[in-house]
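Let's take a walk through one protein model, from a helix to a sheet and on to the empty spaces inside. Have a look at the structure first, and keep it open as you read.

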Amino acid sequence: MSLKSFAAKLFAKYISHQIEGWSSRPVETQLKVFSMLIQEGRKTKFGKDHQFDAIKEYTNFFDKVPIQDYEELKPYIDRVVGGEKDVLWPGKPLYFAKTSGTTSGSKFIPLTKDSLPNHTNAARNAILKYIAETGHSSFVDGKMIFLQGSPELEEKNGIHFGRLSGIVAHFVPNYLQKNRLPSWETNALEDWDQKIKSIVEETYDQDMTIISGIPSWVQTYFEKLHQKTGKTISEMFPNLQLFIYGGVNYEPYRSKFENLIGGSVDSIELYPASEGFFAFQDSQKEDGMLLQLDSGMFYEFIKADEFFDERPKIHTIGEVEAGVNYVMLVSTNAGLWRYNVGDTVMFTSTRPYRLKVSGRIKHFTSAFGEHVIAQEVEQSIITASEEFDVQINEFTVAPQINPEEGLPYHEWFIEFEKTPKDYKAFARRIDNLLQEQNSYYKDLKKGNMLKTLVITEVPKNGFQNYMKSVGKLGGQNKVPRLSNDRKIADELEKQIKSN
């Protein structure tokens, strides 16, 4: 065992003990975070506008601060972007993470000196928890790759702007720098196709032990490696031990991944976002990711099926239940207040609080009142694919409200790696699995309002071509699993017709 591996085990034990401490006191931990946020928030323009001086307990906060998304917080953010101090958090943020907005172009999410440690430490802690649980630490001596955005930043009014993954790249510890790939120059490439080619050239003959990134883009990297060498990933990287991912559910990709790898490797799921690094998988034995309760973020939850009610009930951490779909709100030490991240989550455990991301509150299919969510379609296609020995590369679902003939239906656009022998039987099985999970969808089928879903096959690389056509190829971008309209479907149909 190397000195580095031995030190990693000692550090892992220390960090694991800390995590177990705060996770065993969830309500107390969140109350401390809440008190700190209000105390600091009183020094800001936002705090003065919302009478933070009068907030003595959570119920006051609930009354004085409205739930808001980016559009509603944007007037304050615009002031910060313009160089004003003490607007949302004391002082100025160090960075703005630039993300793609849906209604206002780019969004700028602040990162402060207080919030940055949350982003930089969470992934580290996930790896350390893995070491503490499994005892495996030899991988720290090998090479590690993190597929991410460009680390090159712009500066305006004393604040740096860039992609979150590119910002975090500036804070990789020195002891990891010599193990880290690809090079700075390759990471700075904006063209995703060229970037992947360069990453392949820099890594194919290295001793890779950790690979991290969004599954769909790591899959592309694996395919390019195989094209270059003719080998499986495990043949190229015999010491590969960990796949670290976030952004989308890994399960729909698992079969294809294991085929490319030539076996299975341990995986760690992360829940990072520009607004905060919310959770990470802390155990190889338990389902879900541990919610970060002590990292400068205060959480509130609304049941997803009540979210659009006029006055939905708000739940704090001590009031949530396992197995319920919630919309998550956060107030953070980056200056976000009762901010709707847009994700829906479901707790798998409340001792400790572990969750999984179930979808996006705006990404659902409910053109007929069925409100189908990402978790339901993903579970349906995972189960059906296993039963029919099918492998998929990517998929998305859209409603077909006005078909040329017959009843409306859900249209599933699927890019297959290994196709089903019987498409109709495969579609029926997915449809039945979806009915088992969603009673509204089942009622519509029984009531003869919808017909069985229809599968439209997308040609090889069709989703990548679509993402490229809308300027979202690579990085942290991902295809929405569900839409309530035909915008994505129409673009995919163009890809299909041009093939």
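Just after helix α11 comes G230, whose phi is positive, near 75°. Helices here are DSSP runs of H or I with at least four residues, strands are runs of E with at least two, and both are numbered from the N terminus. Before going further, note that this is a predicted model, in which local features need pLDDT of at least 70, side-chain atom pairs count only at pLDDT 80 or more, and totals for chains, interfaces and linings use all residues. Residues are numbered from 1 along each chain as its sequence is written, and side-chain values use heavy atoms, with hydrogens and water left out.

Helix α11 covers residues 215-229, and its end C-alpha atoms lie 21 Å apart, which agrees with the 21 Å that its 15 residues should span at 1.5 Å a residue (the expected span is 1.5 Å times one less than the number of residues). Among its buried residues are W217, T220, F222 and L225; buried means under 20% relative accessible area with a 1.4 Å probe, protein chains only.

Now to the sheet. Its 11 strands form an open sheet with mixed pairing, in the order β6-β3-β7-β8-β9-β10-β11-β15-β14-β13-β12. At the edges stand β6 (180-181) and β12 (297-303), each with a single partner strand, so one side of each has no neighbour in the sheet. Two strands pair if DSSP finds at least two bridges between them. Strands β11 (residues 289-291) and β15 (residues 353-360) pair in the antiparallel sense over two bridges, and M289 has L355 in β15 as its bridge partner.

What about empty space? On a 1 Å grid over the protein atoms alone, a cavity is a set of points where a 1.4 Å probe fits but cannot get out, a pocket is an open set with protein on both sides within 12 Å along at least five of seven lines, and lining residues have an atom within 4 Å of a point. A volume is the space filled by probe spheres set on the points, which are joined across faces, edges and corners.

| Space | Volume |
|---|---|
| Second largest pocket | about 450 Å³ |
| Largest cavity | about 170 Å³ |
| Second largest cavity | about 70 Å³ |

Which residues lie closest to the centre of the largest cavity? They are S216, T220, E394, F463 and Q464, out of 14 that line the largest cavity. Helix α11 returns here, giving the most to this lining, with five residues.

Conventions
Buried < 20%, exposed > 50% of the residue type's maximum accessible area, 1.4 Å probe, protein only.
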